[in-house]
Amino acid sequence: MRSSALIQNLRAIAGRDAVLDRPEDLMLYEYDGGVRKHKPDAVVFPQNTEQVSRIVKLAASAGIPIVPRGAGTGLSGGAIPVQGGILIAFSRMNRILEVDAENMRAVVQPGVVNQTLSDSVAHLGLYFAPDPSSQKACTIGGNVAENSGGPHTLMYGVTVNHVTGLEVVLPTGEVVQLGGKAAESAGYDLTGFFVGSEGTLGIVTAATVKLLRRPERIATLLGIFETVDDGAKTVSAITAAGITPAALEMLDGWTLQTVEAFCHAGYPLDAGAVLLIELDGLAELVEEQADVVREVCLRQHAREVRRARDETERALLWKGRKNAFGALGRVAPAYYSQDGVVPRTQIPAVLQFIGAVSKKYGLRIGNIFHAGDGNLHPLILFDPRDPKQMEMVTQAGKDILLYCINAGGSITGEHGIGIEKRDLMPYLFSDGDLSVMQSLHDAFNPKSLLNPQKIFPTTRMCMETRGPASHPVLVQEGM
Amino acid sequence: MSAAGVSLDLMRELRAICGDEYVTERTSLADQPSPDDTVDLDKSALRSSSSISVSPASAEEVVAILRLANKRALGVTPVGWAANTLWPFGPTGVLLHINRLTHVEHYDYADLTVGVGAGTTVAQLNALVGPDKLMFACDPPLPERATIGGILATAAQGPMRHGYGALRDFCIGIRFVTGDGRKAKGGGRVVKNVAGYDLTKLLIGSHGTLGVITSASFKLFPAPRQTRTFLAEFATWQEALRFRDHVLRSPLAPICLELVSPRARKLMRPEMTEDVWVVCVRGSGSDAVLTRYRKELGSAVTRELGSEKEAEIWRAIENFPMSLPRVSITVDHWCYATINVPISEVGAAIQVLEGFATADGMGLIIIGRVGVGVLLVAHLASAADLMAKVVEAMAHRISRDCSIRQHGPGKVFPLTPTHLPSSTRAVKHALDPNNVLRGRELF
């Protein structure tokens, strides 16, 4: 695959210093934030849309796969070049092309780092709402491809709710403009359809994103509970009180201790669980809601409810949450993070199930997740040098995701399917559902040269294991 | 297909699918029963040239109908209770009514989610969730007639679009049958879900050209415990938009932020004679929060409405598009369009429209979600091709981000400058390769 002619052609397009092909260089691009690996045959760093288009045309004419990559922080293997080929790295397309404060929009290249965008518009009192834990490193292009979320998506939605326009290079090399700065466009919502398509329909070379105004008041509360169950039940109790917090995160007791040792965020070391609850908006409203949330927590047996007194304390509480994955990495050689979703009323039950899975396989599992929208992130600790553990981790992850499906949920809330969960897709979607998605895939990417072997299952599952939702459902015919 | 062309074989096959009483020949929409006969509709707007009307009771029956349509090369138009009567019904073979798809798939009130059949009306859905102090946050015209399938297909909206977002923001799952008769789903029933392609986005606003929506799931919202509407009146739209900017830059987060032109106001409230532009701000919250609204909005507010008076004005705004067919009998031509622009270009759009209104001697009829750049514009005019001229003028004055969708009598106007024919056709072909679903009208 790695012919000298190909490398020469890539250099002719992007520049001599914009192509990597030495094995020691390629090793740096064989992985993402997950556990799978595969080396590309070449890495190219385009600087503009026209170069991307020419690279795609070159690859199409040679029948070579292409995989787009942002910062490589993804957790589902979306940027792993499983068939080798050309990896397009967007680190040199990292300019904010326009900030339109009047329309509350920014037009950015795909390599712009998520946090950088918010920092760049902070002086205007604006920010970009999707805030994955990796926001200091992850890119807008990656966020768009995976439809990324973050803690504050509970109130503000995931990436697709914040993208109004895209510039896309199709697998033919054609450059197309979808949507624009207006909140809505006529015609099919191809912008919405392309977001979250994991780079399998086209390569995003620019995105028009919404910017939000910073809220007048923010209240960050820490509800401290003796048991995980009490904390879990409080999640739906807050919602039932008519309050949608900006963020509602949960950390279990073991995770708290591990994170505290690393971050010194001020988390209690002896608690069973904490809820990190953030409210934002009009000052009067936030104060009222903070009182209600405090009351609900205490009614659900919270031992204590603390409130960050200033921005420094708030930042510290969030530092613990956002660096938790790294903290857990200190206590085990590796961890495997899952991304299942359940209806939020099912959180107490699913946490009990995760506890049972931990015992069944003898694996430590920490829980730190977006409780408000039922998006779980069980972190399974393991040693990848032990093949038996690797096998058990995979099975434990699958057990948890199948539980989520049977509880009426999903296998991913924000990480995407990638290669990691593609073979679980038939548990969630019927053959008919998948065939419709495949038709749409083939309409844009018929030869599957663009990010091949992602999203779609490589095998068909044993159908009889699929079952109906097992949690109580009110069914009412003919209303 | 003409009435004479309806073959007995076809009728027999459709009756075998849906049952004798649910297949009828030469039915116009105007003859269909209404879910609420108190709704005053101009039924002349509902005439359809369809020669067969069929009402399936399940997704499986929809599959069978569409497979038959593909086999026999029939056109199919999906339709609910025809609340969106301003959307023109073109010539077609089979009118597929979704009205019997009214099942509740799930209602998880503690999770704030619900899933219902596509024939469920917005009013029925709100009646289901209302007792739990929840609401469905889309307020299209005629909620007693507007079906879930219909509002999704047309990406319908109402004034709450400002505060709660568009349907694409809170529809979490969709089930549909593709034009070639395959059952499919996108999303699911949880509020956060990125598994697979987001087919909900494709189906919303596709006007029944890609598939027949059979059910959908939504996020619900807590119903506001208390609301107030603040009205601010201005002599010019420029002043009104300055007030809009003031609201948008304030910390307030109103549920609705609507501009009403003087002529639109008179249409809705004939007793109102002053030529003023009105900005309506609807806030929700405790007494303290509403007090803050008063402080932030300041002296520009001339009236404050609560309870029945408040409900009345918002009903009038929601149903504004439906008042146009009645008015139209007094003029030679009328047209009605939805215009989407970046919020900074709302003024430029009004300026273009104002030029036409002045030249025509007619008032400018506009209401709009000016905080999100959506204008509903009606013209009662002497020129039949007025909207074409408006679009041409806008193309010169407004950025490429502007899009216009014409409703009302006549054909669907060519959609948008940012439209992408090749990709649009690729999607259409993938889901409806034989162009069975309304394709003859759009492509």
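How many residue pairs are in polar contact across the interface of chain A and chain B, counting pairs with both residues at pLDDT 80 or more? In this predicted model, the count across that interface comes to 25 residue pairs.

**The interface**

Begin by selecting the side of chain A that touches chain B, to which β9 (175–179), α7 (190–194), α8 (228–240), α10 (283–299), α15 (425–428) and α16 (431–444) of chain A each contribute at least two residues. Colour α16(A) separately, since with 10 residues α16(A) gives the most to this side of chain A. If the selection is then coloured by residue class, it should divide into 38 nonpolar, 34 polar and 15 charged residues.

Now show both partners together: 87 residues of chain A and 77 residues of chain B take part in the contact. Between them, chain A and chain B bury about 6600 Å², and 58% of that area lies on carbon and sulfur atoms. Six salt bridges are found across the interface of chain A and chain B. For one salt bridge to inspect, select A:Glu414 and B:Lys192, whose side chains meet at 2.9 Å, N to O.

**A:His370 and its surroundings**

Keep A:Glu414 and B:Lys192 on display and add A:His370, because A:His370 is in contact with both of them when its neighbours within four places in sequence are left aside. A:His370 sits in the loop between β17 and β18 of chain A. Is A:His370 buried or exposed? With a relative accessible area of 3%, A:His370 is buried, as it falls under the 20% cut-off. On the same terms, its contacts within chain A include A:Gly150, A:Pro151, A:Leu248, A:Glu249, A:Arg321 and A:Asn375. A:His377 is also in contact with A:His370, and the side chains of these two histidines make a polar contact at 3.5 Å.

**Helix α13 of chain A**

Next select residues 347–361 of chain A, which form helix α13. This helix has 15 residues and reaches 21 Å from its first C-alpha to its last, close to the 21 Å expected at 1.5 Å a residue. Show the side chains of its buried residues, which are A:Ile347, A:Pro348, A:Val350, A:Leu351, A:Ile354, A:Val357, A:Ser358 and A:Tyr361. An α-helix has 3.6 residues a turn, so residues three or four places apart point the same way. To see what the buried residues of α13(A) pack against, add α8, β13 (247–252), β17 (365–369), β18 (378–382) and α14 (387–406) of chain A. Just after α13(A) comes A:Gly362, which has a positive phi, near 65 degrees.

**Two histidines with positive phi**

Most residues other than glycine have a negative phi. Against that background, select A:His264, which is not a glycine and yet has a positive phi near 50 degrees. A:His264 lies in the loop between α9 (253–263) and β14 (273–281) of chain A, and A:His264 is exposed, with a relative accessible area of 54%. Then move to A:His301, another residue that is not a glycine, whose phi is positive at about 75 degrees. A:His301 belongs to the loop between α10 and β15 (302–307) of chain A, and at 53% relative accessibility A:His301 counts as exposed.

**Chain B as a whole**

Finish by showing chain B alone, in which there are 16 helices and 19 strands. Of the 443 residues in chain B, 63% are buried. Among the contacts in chain B with a separation of 6 or more, 72% are between residues 24 or more positions apart.

Methods:
Residues are numbered from 1 along each chain as its sequence is written. Chains are lettered from A and ligands numbered from 1 in the order in which they are written. This is a predicted model: local features need pLDDT of at least 70, side-chain atom pairs count only at pLDDT 80 or more; totals for chains, interfaces and linings use all residues. Side-chain values use heavy atoms; hydrogens and water are left out. Contact means heavy atoms within 4.5 Å. Buried area is the accessible area (1.4 Å probe) that two parts lose on being put together, summed over both. A salt bridge is a side-chain nitrogen of Lys or Arg within 4 Å of a carboxyl oxygen of Asp or Glu. A polar contact is a pair of N or O atoms within 3.5 Å; within protein, one must be able to donate a hydrogen and the other to accept it, and residues adjacent in sequence count only if both atoms are side-chain atoms. Helices (H or I, at least four residues) and strands (E, at least two) are DSSP runs, numbered from the N terminus. Ala, Val, Leu, Ile, Met, Phe, Trp, Tyr, Cys and Pro count as nonpolar, Asp, Glu, Lys and Arg as charged, and the others, Gly among them, as polar. The expected span of a helix is 1.5 Å times one less than its number of residues. Buried means under 20% relative accessible area, exposed over 50%, partly exposed in between (1.4 Å probe, protein chains only).
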